[in-house]
Amino acid sequence: EAKLTLVHCENYEAFFVQLNAEIQERLEFEQARLMTVFSRLFFESFPLEELESANLRDVYASTYFFWNQFQRLDRSRPRVQVFNPTLDEHGWTSDHTIVAVFARDMPFLLDSLRLALDRRNIPINMLHSSVFEVERNARFELLEFWGPNPDSARARERTAPREALIYLEIHRHSANSDFEDIARDLDSVIADVSLAVEDFAAMRARAQNILEDLEQSPPDCIPQADTDESREFIAWMLDDHFTFLGVTEVVATLEDNGRAIREAPDRRLVLLKKHDRSKPVEYLHAMNPRAASRWLEPRLLGFAKSSVRSTVHRSIYSDYVTIKHFDEDGEVARETRFLGLFTSRAYTQSPFRIPVVRRKLEAVMAQANVQPNHHQGRYLEHVLECYPRDELFQTSVPTLSKIATGITRPHERQQVRLLVR
């Protein structure tokens with residue numbers, strides 16, 4: 001019977017001494033050397049308290065399992081494995097179900113995987129991610145690997161594609177169908193993240209082109225001040241205030257049945273390319289009055305919320321930023337719709353510094369007819385500073401003015417009011 005050895009680690013070095021001894025005892029010299037390097041990179045940011053008093057042989061066996069899986073990976077085909085480890089098949093056991101993800105390293109990957117499990121109401125007991133720079137041959141076999149630390153000598157010599165190894169322990173499942181469903185969901189999320197990363201430059205280029213077009217050929221039907229403010233907003237978006245997750249274009253054409261509005265499929269990028277829920281064609285006269293009015297309105301920029309939660313980065317309803325393009329007669333010829341998420345910088349910056357939004361707030365302050373340095377003026381400014389940021393983008397000036405001034409009125413006495421947009 002194998003002797004039970006528990007991990008005792010006052011620090012990481014003490015842990016690696018124990019693990020390295022186990023590796024060297026079980027593997028030949030060259031394999032032991034490589035796996036020792038791998039294990040140090042894999043465990044260097046692992047929660048130390050999770051390793052304390054673990055079965056050393058289980059730690060070794062799980063490390064060997066991941067080392068073995070690491071030997072071959074096609075970066076274009078991420079690998080997701082969901083399983084309950086057994087001694088016979090994996091060499092170790094766990095009270096939890098294991099999720100192992102091998103993929104190219106990408107922004108938002110870890111957050112998106114965690115959110116996918118949250119959407120299924122699956123508790124996560126442990127989550128750990130390691131990143132490696134990896135060189136592989138044409139058969140996707142491992143040649144060399146090293147850590148991504150830019151201070152390391154190897155990293156200074158050259159860089160290689162980065163790969164992420166993500167390890168999760170989740171609430172225990174027992175049905176194979178559960179394993180398959182979870183893996184399928186995570187595969188879909190990885191595909192979404194991959195699309196967003198691959199098309200990111202193209203989406204930014206689309207926005208940059210619109211910005212340049214507005215500068216060189218501003219629409220005659222829009223006041224120049226509004227065009228300038230819209231240009232500043234697009235530049236603000238491009239300055240790390242908006243995470244682009246999709247873009248499409250909607251074109252208006254005059255047909256026998258009236259003005260037709262349809263998407264241009266070849267202009268879709270990212271999630272709008274993969275998850276298309278649009279109608280093939282809509283006629284202006286058949287649209288609901290609010291949607292028709294929004295389309296006809298001579299306004300460059302528009303804001304809306306998606307009816308679908310984002311699968312990338314944050315599990316919230318995504319934002320649409322729409323930009324209209326006008327023909328020579330001042331009619332709306334097409335509309336570019338950017339889908340994405342405002343970044344944390346957009347939520348922490350003062351709204352009085354955000355293009356387009358700041359003009360709304362200035363209009364609200366002017367309509368309230370209060371002195372900025374007076375008590376009422378300062379309090380109204382505070383209300384607008386703290387106002388839900390998403391609402392500031394979407395609420396009209398009259399509605400915002402009504403609600404904001406309504407909030408300021410009862411602040412000196414106890415009073416409950418319901419204000420609805």
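The expected span of a helix is 1.5 Å times one less than its number of residues. This rule gives a simple check on helix H4 of the predicted model. Helix H4 has 14 residues, so at 1.5 Å a residue it should span 20 Å, and its end C-alpha atoms are indeed 20 Å apart, which agrees. At the start of the helix, a side-chain oxygen of Asn55 comes to within 2.9 Å of the backbone nitrogen of Arg57.

The surroundings of H4 come next. Eleven of its 14 residues are buried, so the helix is largely enclosed by the rest of the structure. The buried residues are Leu56, Asp58, Val59, Tyr60, Ala61, Ser62, Thr63, Phe65, Phe66, Trp67 and Gln69. Their cover includes two helices, H1 (12-26) and H2 (29-43), together with the strands E1 (79-83), E2 (97-104), E4 (142-146) and E5 (162-170).

Two tyrosines of this helix also deserve a look. A pair of aromatic rings is described by the distance of the centres and the angle of the planes. Across the whole structure, a search finds 35 aromatic pairs. One of them joins Tyr60 and Tyr64, whose ring centres lie 6.2 Å apart with 25° between the planes, and this pair is stacked. Planes under 30 degrees apart count as stacked, so the angle of 25° meets the cut-off. The positions of the two residues in the chain fit this picture: Tyr60 and Tyr64 are four residues apart in helix H4 (residues 56-69), and therefore about one helical turn separates them. Their surroundings can be told apart by accessibility. Tyr60 has a relative accessible area of 8% and is buried, whereas Tyr64, with 34%, is partly exposed.

Aromatic rings also meet charged side chains in this model. The charged end of Arg79 sits over the ring of Phe102, at 5.3 Å from the ring centre. For Arg136, the ring below the charged end is that of Phe70, and the distance to its centre is 5.3 Å.

Strand E1, named above as part of the cover of H4, is itself mostly covered, with four of its five residues buried. E1 and E2 run antiparallel and are joined by five bridges. Within this pairing, Val80 stands opposite Val101 in E2.

Phe179 belongs to helix H7 (residues 176-198). Its relative accessible area is 12%, so Phe179 is buried. Beyond its neighbours within four places in sequence, Phe179 is in contact with Val82, Phe83, Asn84, Thr97, His173 and Ser174. Along the chain, Phe179 and Asp199 are 20 residues apart, and their C-alpha atoms are separated by 30 Å.

Another helix residue, Asp228, lies in H9 (residues 224-238). Asp228 has 30% relative accessibility and therefore counts as partly exposed. The side chain of Asp228 makes a polar contact of 2.8 Å with the side chain of Gln224. Asp228 and Leu211 are 17 residues apart along the chain, with 10.0 Å between their C-alpha atoms.

The strands offer a further example in E6 (residues 242-255), which is mostly covered, as ten of its 14 residues are buried. E6 pairs with strand E12 (residues 332-342) through nine bridges, and the two run antiparallel. In this pairing, Val247 stands opposite Phe338 of E12. E6 is also joined to strand E7 (residues 258-263), by six bridges and again in antiparallel fashion. Here Ala252 has Ile261 in E7 as its bridge partner. A hairpin is formed by E6 and E7, with two residues between them.

The last element described is helix H16 (residues 397-408). This helix has twelve residues and reaches 16 Å from its first C-alpha to its last, close to the 16 Å expected at 1.5 Å a residue. Its buried residues are Leu400, Ser401, Ile403, Ala404, Thr405, Gly406 and Thr408. The buried residues of H16 pack against three helices: H13 (357-368), H14 (375-386) and H15 (389-394).

Conventions. Residues are numbered from 1 along each chain as its sequence is written. This is a predicted model: local features need pLDDT of at least 70, side-chain atom pairs count only at pLDDT 80 or more; totals for chains, interfaces and linings use all residues. Side-chain values use heavy atoms; hydrogens and water are left out. Rings of Phe, Tyr and Trp (its six-membered ring) pair if their centres lie within 6.5 Å; planes under 30 degrees apart count as stacked, over 60 as edge-to-face and the rest as tilted. Buried means under 20% relative accessible area, exposed over 50%, partly exposed in between (1.4 Å probe, protein chains only). A charge sits over a ring if NZ of Lys or CZ of Arg is within 6 Å of the ring centre and within 35 degrees of the ring normal. Contact means heavy atoms within 4.5 Å. A polar contact is a pair of N or O atoms within 3.5 Å; within protein, one must be able to donate a hydrogen and the other to accept it, and residues adjacent in sequence count only if both atoms are side-chain atoms. Two strands pair if DSSP finds at least two bridges between them.
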